[in-house]
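Student: Please take a close look at one part of this model, the metal site. Go through it residue by residue and say what holds it.

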Amino acid sequence: MTNVDIATILSRVADLLEFKAENTFRVRAYRNAAHTIGNMVESLARLNEDSGRSLTDIDGIGADLAAKIQVLLNTGRLPLLDELEKAVPSGVFAIMRVPGLGPKKVKLLVDQLGIDSLEGLEAACRAGQVQGLKGFGEKTQAAILAAIAFAKSPEHSRTLWNDADSTVQILLAWMQTCPQVHQIEAAGSWRRGRDTVGDIDILVECDGTRESAQAVMNHLHEWSEITAVLLSGDTKTSVRGPQEIQIDLRIVEHASFGAALQYFTGSKEHNIRLRSRARDRGLTINEYGVYRLAGQGEGGESELAGKVGESLAGKTEGDVYRAVGLPWIPPELREGGDEFLLAERGKLPVLVTLADIRGDLHMHTTATDGTATLGEMTRAAIERGLEYIAITDHGKRVTMAHGLDAKHLLKQWAEIDRLNASLAEDGAPSLVVLKGIEVDMLEKGGLDLPDDILEQADWVVASLHYGQSQPRARITERIIEAIENPYVSVIGHPTGRLINRRQAYDVDIEAVIAAAARTGTFLEINANPWRLDLNEHHAAAAKQAGVKLVISTDAHATSGLGMMRCGILQARRAGLESRDIANTQTLTALQSAMKPGGASR
Ligand SMILES: [Zn+2]
Ligand SMILES: [Zn+2]
């Protein structure tokens, strides 16, 4: 069981409990646990095997939940879920995944219209039956149809990078226990750090004998997470792994390992350009290596012949790129854009790394919808080696998350003052906690807290959570108004997209970027694996316009701080360097780079 499997099961339990209108605290406990575990980098299975530690060490996991997780880890099943599933029609799960349809609304659809599948829901919407239900209306019905169409498209069924990564990590650990494995790497879109991943590509080098190759492939087939073997050849096998993801494993020779890694990392567009560059130099590149084209120029097209002429390179990726006169290109840049031009001119960016990050400037606590207290978040940030964090709970508009009004916010800030004082007691403080807030851009314009409060903040994130279906001009206007507020430091998740779930709202992102550049407001790369917002194209455009970006986790639990790596990948794919990211700087440098605003700055 991977963390993602466990999180999926717990969130399914939460949905079903809510569907059955059970105790809201119980529902919330399961949902929070699912959230926490889904965001954890360390595998629960491994933690559980460590006799010195307990599952209850994790925030929000009490004895009861820990016992259930133990059952899951030991047996792969959860009796409570089996019981709940018996009581609820199976098609109802698919309906519950439609954005905007919580378990309560779904219950209404089931009880009143007898809908028990996505197809049934689509038909009822088309027949205009849904808009008549209490709490639905014409707009909701149209939104449901749009959401169904969105979810049906194949590009929205790819696995989130973070989920694929948790499979990749335990898969690599398992394969490394096979004595015949000499070298192993995961390639494909996982290695390029794409926000979603189709299949997982694994390359293994062994001693080159048939027996070893078979032993390696058998070892994969014996992995407990495999649900089906799809293909089994001499040097390649395909299996279905956790979360239905397909895993392709290839056996590769020592002399070809770099060429294969380059080839199977892709992207397709990048490789097409690389091959054409090779051809221009009388060479050919394939998954085995780089070769001189025999009889080149005599019409003897030898591309299809595979190995031709003398092998020039193949052992490492660096050798492959060098053979065509280029430096090694980081996988995140291999999308067939301007990477060849940059490489040729020696202008490849020195991409930002996780180690460059000094602070995390967007996170929530139990004061609103987080699951860890201020103290717990602070300790977790210190353990991660951060130098500063901003606590940015929701403003009062976000009623669902018990958003803070001025009075409660000032109380939290007083608590932060005391915390900072105690952190500073032994000389140099290990961490500074900034007094922040995530204010909401109201539907009618303006923010949900007054300027005289924001003026006292160290850090203000402004986000748009409501009125996302307003027209483009109106949404753009709301965001630019927030950007022009002197106290707003950064715009949070600027386009509001949720990968595989929800389209970005309609916004003139160029106008937003221009306004940010004009006022010195930062733009966020939200590192939450569902968001990754700004996306890589917008982040690159922001850099072009001279806007500084901030990579923040928007953590709602201590484990959420670990999602920084997803934001880093996104920034790398945008070609961003350390100097493009404001939170790679010291706190003093960050504060002097902020736009002039609050008196406390
Ligand atoms: Zn938000
Ligand atoms: Zn947030």
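**The zinc site**

Tutor: The zinc ion (ligand 2) has as its protein donors H362 (NE2), H364 (NE2), E438 (OE) and D554 (OD), which lie 2.1 to 2.2 Å from it. Donors here are N, O and S atoms within 2.8 Å of the metal (3.2 Å for Na, K and Ca), and water is not among the atoms, so sites may look incomplete. This is a predicted model, in which local features need pLDDT of at least 70, side-chain atom pairs count only at pLDDT 80 or more, and totals for chains, interfaces and linings use all residues. Residues are numbered from 1 along each chain as its sequence is written, chains are lettered from A and ligands numbered from 1 in the order in which they are written, and side-chain values use heavy atoms, with hydrogens and water left out.

Around the zinc ion (ligand 2), the four donor atoms subtend angles of 80 to 165°, which makes the arrangement irregular. Four donors count as tetrahedral if all angles lie between 85 and 135 degrees; four count as square planar and six as octahedral if opposite donors are over 155 degrees apart and all others between 65 and 115; anything else is irregular. Along the chain, the donors of this ion follow the spacing H-x1-H-x73-E-x115-D. H364 sits in the loop between β11 (359-360) and α17 (374-383), and D554 in the loop between β17 (549-552) and α23 (564-573), so the pair ties together parts that are 190 residues apart in sequence. Helices (H or I, at least four residues) and strands (E, at least two) are DSSP runs, numbered from the N terminus. H364 and D554 are both buried, where buried means under 20% relative accessible area, exposed over 50% and partly exposed in between (1.4 Å probe, protein chains only).

E438 bridges the zinc ion (ligand 2) and the zinc ion (ligand 1), which lie 3.4 Å apart. For the zinc ion (ligand 1), the protein donors are E438 (OE), H465 (NE2) and H493 (NE2), lying 2.2 Å from it. The spacing of these donor residues in sequence is E-x26-H-x27-H. H465 is in the loop between β14 (459-463) and α20 (472-484), while H493 is in the loop between β15 (490-491) and α21 (509-519); the pair, 28 residues apart, links distant parts of the chain. H493 is buried, with a relative accessible area of 1%.
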